[in-house]
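User: I am new to this structure and would like a close look at a single part of it, followed by some sense of the surroundings. Please take your time and connect the pieces as you go.

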Amino acid sequence: MKITVLGSGTSQGVPVIACPCDVCASSDPFDKRLRSSVLIETATTTVVIDAGPDFRQQMLRAGVKKLDAILITHTHKDHIAGLDDVRSFNYLTGKAVVVYARPSDQLEIKQEFSYAFSENPYPGVPEFDLRNLSIDQIQIGDLTIQPVELKHMNLSVFGFRIGDFSYLTDVNFIPKDSMDILKGTQILIIDALRKKAHPSHFNLDQAIDVAQHLEVPQTYFTHISHLMGKHSAIEKELPKNINLAWDGLEIEL
Ligand SMILES: [Zn+2]
Ligand SMILES: [Zn+2]
């Protein structure tokens, strides 16, 4: 299994508006972050977690030519705004793109992209094959995927454990049952928004605590705001085996 970090950033502080801060003005490619998403590939199966506003650019940059499913963690715009661009995959395959989301998230997707679900859609609308996500394991090709319940302030969101890899974005609390599911994870990618506390995301110290509590051999942080500071500076402060993720990071597992 190969994991590629397609984006390790957040809508908070995306350097599209002329932000004068050190991070947004940085020429270091490690400080250039698209919205958080990961690509998971085996020889036969390709899955993406979330499709935010940068989805199209991320698919092009990673050269993704086939997509077996998109898993949706939750429906905040930085995680679903790019769903319209599945139409390229519809065109290539002649099929709807499989999207796994919890039933309440499916309702929100249907509202947000109502033109794709109308009785008489105009030609060329994106085509989705919505499937239910619950706490039950799902099988996509040769990938066995275990959804993991997380809290993003008051919102229930999903993380995912796939073999020895766990991906937990947009989270500030992990229930005990979910911690049990995560035990034994070898590679963890987890939300660490910034140093200062935040009501709906782990900050740096909280994310370090989770990684150390789970005794994960290698952890990467994601959903990183420009308020975190420069990659090169933060890397020096992190404990052993804990790093900031970066766009384009590839992990073989
Ligand atoms: Zn969110
Ligand atoms: Zn987010």
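Which residue bridges the zinc ion (ligand 2) and the zinc ion (ligand 1), and how many Å apart do the two ions lie?

Analyst: The model is a predicted one, and the values below are computed from it. The bridging residue is aspartate 170, and the zinc ion (ligand 2) and the zinc ion (ligand 1) that share it lie 3.4 Å apart. Aspartate 170 is found in the loop between strand S10 (165–168) and H5, while histidine 223 is found in the loop between S12 and H7, so this pair ties together parts of the chain that are 53 residues apart in sequence. Both of these residues, aspartate 170 and histidine 223, are buried.

Taking the zinc ion (ligand 2) by itself, its protein donors are Asp78 (OD), His79 (NE2), Asp170 (OD) and His223 (NE2), at 2.1 to 2.2 Å from the ion. Along the chain these donors follow the spacing D-H-x90-D-x52-H. The angles that the 4 donor atoms subtend around the zinc ion (ligand 2) run from 91 to 163 degrees, which makes the arrangement irregular. The reason is that four donors count as tetrahedral only if all angles lie between 85 and 135 degrees, and the upper value of 163 degrees falls outside that range.

The zinc ion (ligand 1) has as its protein donors His74 (NE2), His76 (ND1), His152 (NE2) and Asp170 (OD), which lie 2.2 to 2.3 Å from the ion. The site of the zinc ion (ligand 1) is also classed as irregular, with angles of 88 to 174 degrees among its 4 donor atoms. In sequence, the donor residues of the zinc ion (ligand 1) are spaced H-x1-H-x75-H-x17-D. Among them, histidine 74 and histidine 152 link distant parts of the chain, being 78 residues apart: histidine 74 sits in the loop between strand S4 (69–71) and helix H2 (77–80), and histidine 152 belongs to strand S8 (residues 143–152). Histidine 74 counts as buried because its relative accessibility is 0%, and histidine 152 counts as buried because its relative accessibility is 3%.

From the metal site one can turn to the helices, beginning with helix H6 (residues 204–213), in which Leu204, Ala207, Ile208, Val210 and Ala211 are buried. Seen down the axis of H6, these buried residues fall within an arc of 160 degrees, so they line one face of the helix. On the other side of H6, Asp205 and His213 are exposed. The cover over the buried residues of H6 includes helix H5 (176–182), strand S11 (187–191), strand S12 (218–222), helix H7 (231–237) and strand S13 (242–244). H5, S12 and H7 are also the elements that flank the loops of aspartate 170 and histidine 223, since aspartate 170 lies between S10 and H5 and histidine 223 lies between S12 and H7.

Just after H6, glutamate 215 takes a positive phi of about 50 degrees, and proline 217 lies in the loop between H6 and S12. Proline 217 is partly exposed, with a relative accessible area of 37%. Leaving aside its neighbours within four places in sequence, proline 217 is in contact with Thr185, Gln186 and Asn241. The C-alpha atoms of proline 217 and isoleucine 242 are separated by 8.5 Å, although the two residues are 25 residues apart along the chain.

A comparable description can be given for helix H1 (residues 55–62), where Phe55, Gln58 and Met59 are buried. Seen down the axis of H1, these residues fall within an arc of 100 degrees, so they line one face of the helix. Arg56 and Leu60 are exposed on the other side of H1, and the buried residues of H1 pack against strand S1 (2–7), strand S2 (37–41), strand S3 (46–49), S4 and helix H3 (87–93). S4 is thus packed against by H1, and S4 also precedes the loop that holds histidine 74.

For the chain as a whole, there are 7 helices and 14 strands, and buried residues make up 52% of the 253 residues. Residues 24 or more positions apart account for 62% of the contacts with a separation of 6 or more. The radius of gyration is 17 Å, which agrees with the value near 18 Å for a compact globule of 253 residues.

How values were computed
Residues numbered from 1 in each chain as written. Chains lettered and ligands numbered in written order. Predicted model: local features only at pLDDT ≥ 70, side-chain atom pairs only at ≥ 80, totals over all residues. Heavy atoms only, no water. Donors = N, O, S within 2.8 Å, 3.2 Å for Na, K, Ca; no water. Tetrahedral: all angles 85-135°; square planar, octahedral: opposite > 155°, others 65-115°. Helix = DSSP H or I, 4+ residues; strand = E, 2+ residues; numbered from the N terminus. Buried < 20%, exposed > 50% of the residue type's maximum accessible area, 1.4 Å probe, protein only. Arc of directions from axis to C-beta. Contact = heavy atoms within 4.5 Å. Rg over C-alpha atoms; globule rule 2.2 N^0.38 Å.
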